[in-house]
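Please walk through the model below, starting from a single residue and moving outward to the whole chain.

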Amino acid sequence: VGSVHYAIDIYQVREIIKPLQTLPLPYMPPSVIGVADHRGDVVPVIDLRLRFGLEARMRGRDIRWSVGKRGGRFAALVVDKVTEVFGAGEKQQRDIPEIGVGDDSRGISSVYSHQGTLVFVVDIERITKIADEIDVSIAQQLLEEREKP
């Protein structure tokens with residue numbers, strides 16, 4: 001996302017997909033760009049660029065969604081690009097920097113050094129907490145109505 005490398009724990013990733021059609025909902029935080037119907041689940045879609053205070057990136061062939069599980073629900077994180085899956089051990093782990101106000105809202109659970117680059121592991125529970133406000137039953141009804149002929 002931007003010039004920073006982020007990672008998600010592989011055990012929290014359902015799959016990585018190309019963007020789907022979204023349904024914007026009123027009164028959502030700006031980083032929640034809507035919901036999507038993904039394999040029968042109403043999935044909130046959170047743009048990490050907006051979540052981290054960067055400008056939105058409207059299009060790009062590398063843009064992907066990382067669909068992850070948080071509690072009993074799923075959420076999709078919009079990322080600029082997915083580069084690889086890798087494992088890291090204790091030797092590669094670094095201390096999480098204390099940057100100041102908003103550290104908790106950044107949702108970083110750990111930091112690793114991988115091939116000379118710092119990689120920040122996103123805590124999917126914290127980073128998607130913003131989507132807890134969405135009433136998925138209403139979103140499900142809206143999605144079903146949109147699909148009717």
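Threonine 128 is buried in this predicted model, because its relative accessible area is 0% and the cut-off for burial is under 20%. In the chain, threonine 128 sits in the loop that runs between helix 3 (124-127) and helix 4 (136-147).

What lies around threonine 128? Once its neighbours within four places in sequence are set aside, threonine 128 is in contact with Ile46, Arg70, Ala75 and Leu77. There is also a link to a residue closer along the chain: a polar atom of the threonine 128 side chain lies 2.5 Å from the backbone oxygen of isoleucine 124. Isoleucine 124 belongs to the range given for helix 3 (124-127).

Two of the residues in contact with threonine 128, Arg70 and Ala75, also appear in the lining of the largest cavity. A search of the whole structure for cavities of 30 Å³ or more finds 1, and the space in the largest cavity is about 30 Å³. Besides Arg70 and Ala75, the residues lining the largest cavity are Pro44, Arg73, Phe74, Ala131 and Asp132. Sorted by class, the lining has 4 nonpolar and 3 charged residues, and no polar ones. Which element supplies the largest share of this lining? It is strand 6 (residues 73-79), with 3 residues.

One of the lining residues is arginine 73, which is placed in strand 6. Is arginine 73 buried or partly exposed? Arginine 73 counts as partly exposed, because its relative accessibility is 27%, while burial requires a value under 20%. Aspartate 132, also in the lining, is 59 residues away from arginine 73 in sequence, and the distance between their C-alpha atoms is 9.8 Å.

The view can now widen to the whole protein. Its secondary structure consists of 4 helices and 9 strands, which follow one another along the sequence as β-β-β-β-α-β-β-β-α-β-β-α-α. How many of the contacts with a separation of 6 or more join residues 24 or more positions apart? Such pairs account for 56% of them.

Of the 149 residues, 36% count as buried, and threonine 128 is one that is buried. The accessible surface of the protein comes to about 9,400 Å², with 50% of that area belonging to carbon and sulfur atoms.

Methods: Residues numbered from 1 in each chain as written. Predicted model: local features only at pLDDT ≥ 70, side-chain atom pairs only at ≥ 80, totals over all residues. Heavy atoms only, no water. Helix = DSSP H or I, 4+ residues; strand = E, 2+ residues; numbered from the N terminus. Buried < 20%, exposed > 50% of the residue type's maximum accessible area, 1.4 Å probe, protein only. Polar contact = N/O pair within 3.5 Å; in protein donor to acceptor, adjacent residues only side chain to side chain. Contact = heavy atoms within 4.5 Å. 1 Å grid on protein atoms, 1.4 Å probe; cavity = no way out; pocket = protein on both sides within 12 Å on 5 of 7 lines; lining within 4 Å. Points joined across faces, edges and corners; volume = space filled by probe spheres on them. Nonpolar A, V, L, I, M, F, W, Y, C, P; charged D, E, K, R; others polar. Areas by Shrake-Rupley, 256 points an atom, 1.4 Å probe, with all protein chains shown as cover.
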